[in-house]
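Q: I am new to this structure and would like a close look at a single part of it. Please take one helix and describe what is found there.

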Amino acid sequence: MDGHDSEDAKQSTADMTIFVQNLLQQMQSRFQTMSDSIITKIDEMGSRINELEQSINDLKAEMGVEGSPSPLPPSKPVADEVKKDEGSA
């Protein structure tokens, strides 16, 4: 009977090994699919950003605003002036 139990244990170990290998292959396949999907979406986002930048540049060129500063820098000196006024009070 000892030989039979040993044979069952070997078969059980072999079955478990095959099961784990299959499970790992499935996981690897799923991770690869997710990775490919993420890379594709990142590439699409990059393309959309490039298109958006080009559209913005085209609009700037149409408006003749290409060389003028953006609206943000003028607002900073205003904030600096407020700080100066607070400091002198």
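A: What follows is a look at helix α1, with the whole protein as background. The model is a predicted one. The protein has two helices and zero strands, and helix α1 covers residues 2-63. Of the 89 residues in the protein, 0% are buried. The protein exposes about 8,300 Å², and 59% of that area is supplied by carbon and sulfur atoms.

Two residues of this helix can be taken in turn. Met34 is found in helix α1. Its relative accessibility is 45%, so Met34 counts as partly exposed, because that class lies between the 20% limit for buried and the 50% limit for exposed. Met34 also helps to make a nonpolar surface patch of about 980 Å². The other residues of the patch are Met16, Phe19, Val20, Leu23, Leu24, Met27, Phe31, Ile38 and Ile42.

Asp58 is found in helix α1 as well. Asp58 has a relative accessible area of 36% and is therefore partly exposed. The side chain of Asp58 makes a polar contact with the side chain of Gln54, at 2.8 Å.

To sum up, Met34 belongs to a nonpolar surface patch, while Asp58 makes a polar contact with Gln54.

Note on methods. Residues numbered from 1 in each chain as written. Predicted model: local features only at pLDDT ≥ 70, side-chain atom pairs only at ≥ 80, totals over all residues. Heavy atoms only, no water. Helix = DSSP H or I, 4+ residues; strand = E, 2+ residues; numbered from the N terminus. Buried < 20%, exposed > 50% of the residue type's maximum accessible area, 1.4 Å probe, protein only. Areas by Shrake-Rupley, 256 points an atom, 1.4 Å probe, with all protein chains shown as cover. Patch = residues over 30% accessible without salt bridge, like charges linked within 9 Å, V, L, I, M, F, W, Y side chains within 5 Å. Salt bridge = Lys/Arg side-chain N within 4 Å of Asp/Glu carboxyl O. Polar contact = N/O pair within 3.5 Å; in protein donor to acceptor, adjacent residues only side chain to side chain.
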